[in-house]
Amino acid sequence: MDFHIGFVIAGLVVGFVVGMTGVGGGSLMTPILLWFGIPPTTAVGTDLLYAAFTKMGGIFVHNKKKNINWTIVGWLSLGSVPAAAVTLWILESFKADITGLNTIIKYSLGWALLFTSIAIVFKQKLLVFSQKHAGDKFHSESKTQNLLTVAIGVMLGATVTLTSIGAGALGTVTLFFLYPLLPTPKLVGTEIAHAVPLTLVAGFGHASMGNMDWPLLGQLLMGSLPGIYIGSMLSGKVPDLLLRNSIAVMLFFVGYKLIF
């Protein structure tokens, strides 16, 4: 692929929005790549590694601030990484029928975007509700809580591998319900730490299937890395509610268009 300034700008814009609002890059980047005419399989595969490399810096920052619960990351990964491997194996079985595979990913993307848009809109209300109804049973980890965390990991592993969407908004919202007493910065840091190994496994799996455009990935990262830095620096300058709701509306209509 030849150099295209549009991809660099797309990376810059998505990086900026992620840095400013914390909204997952996958839910924004994949629809943009589809708009550029990138096939669904290539868009998902490229976006997975884009997300992995972009969030690596987040691990460094959050770990330094002690915002990562590595125990929760471990339980999530116990479910998500095997689920990603199984999903990749299923996708590989559809490889001969590339049209069918693109159709499956297209509809999966649509539903993932719809659920993500809803999660973004009600994220704060869900957090307040889960903390209000937490009760003493959430003060310490339990066997049931660990098993539910693994189950969430399975769901995220399959969803993220199939659509490249879900590790951010959906992952954080589900963690709100299981760990409502965990401070929000730790929830976000834990989600980012879990997203990196998951997207790396899923991304390299897609790459082995040929669902990867390396020059495209380089151009996206060229824009996203400075974009995330600038967005983080300006975080709080623009009303967060306005940005989040605007993004949610956009994702809802994109998801609706992909499905219907």
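**A walk through a ten-helix chain**

Start by selecting Pro 183: at 42% relative accessibility, this residue counts as partly exposed, because that label covers everything between buried (under 20% relative accessible area) and exposed (over 50%), with a 1.4 Å probe and protein chains only. You are looking at a predicted model, in which local features need pLDDT of at least 70 and side-chain atom pairs count only at pLDDT 80 or more, while totals for chains, interfaces and linings use all residues. Residues are numbered from 1 along each chain as its sequence is written, and side-chain values use heavy atoms, leaving out hydrogens and water.

Stay with Pro 183 for a moment. Its place is in the loop between helix H7 (169-178) and H8. Now add Asn 67 to your selection: the two C-alpha atoms are separated by 8.7 Å, although the residues are 116 apart along the chain.

Next, select residues 184-208, which form helix H8. Helices here are DSSP runs of H or I with at least four residues, strands are runs of E with at least two, and both are numbered from the N terminus. How far apart are the end C-alpha atoms of H8? They are 36 Å apart, which agrees with the span expected for 25 residues at 1.5 Å a residue; the expected span is 1.5 Å times one less than the number of residues. After H8 comes Gly 210, with a positive phi near 90°.

Move on to helix H3, residues 40-64. Here too, 25 residues should span 36 Å, and the end C-alpha atoms agree at 36 Å apart. Click on Lys 55, where H3 bends by about 25°; the bend is the angle between axes fitted to the seven residues ending there and the seven starting there. Colour H3 by accessibility and you will find 18 of its 25 residues buried. Just after H3, Lys 66 has a positive phi of about 60°.

Now show the second largest pocket, with about 250 Å³ of space. Its lining includes Leu 28, Trp 35, Met 250 and Leu 258. Helix H2 (25-35) and helix H10 (240-259) each give two or more residues to this lining, and H2 supplies the largest share, five residues. A pocket is an open set of points on a 1 Å grid over the protein atoms alone, where a 1.4 Å probe fits, with protein on both sides within 12 Å along at least five of seven lines; lining residues have an atom within 4 Å of a point. The volume is the space filled by probe spheres set on the points, which are joined across faces, edges and corners.

Finally, zoom out. The protein chain has 10 helices and zero strands, and 53% of its 260 residues count as buried.
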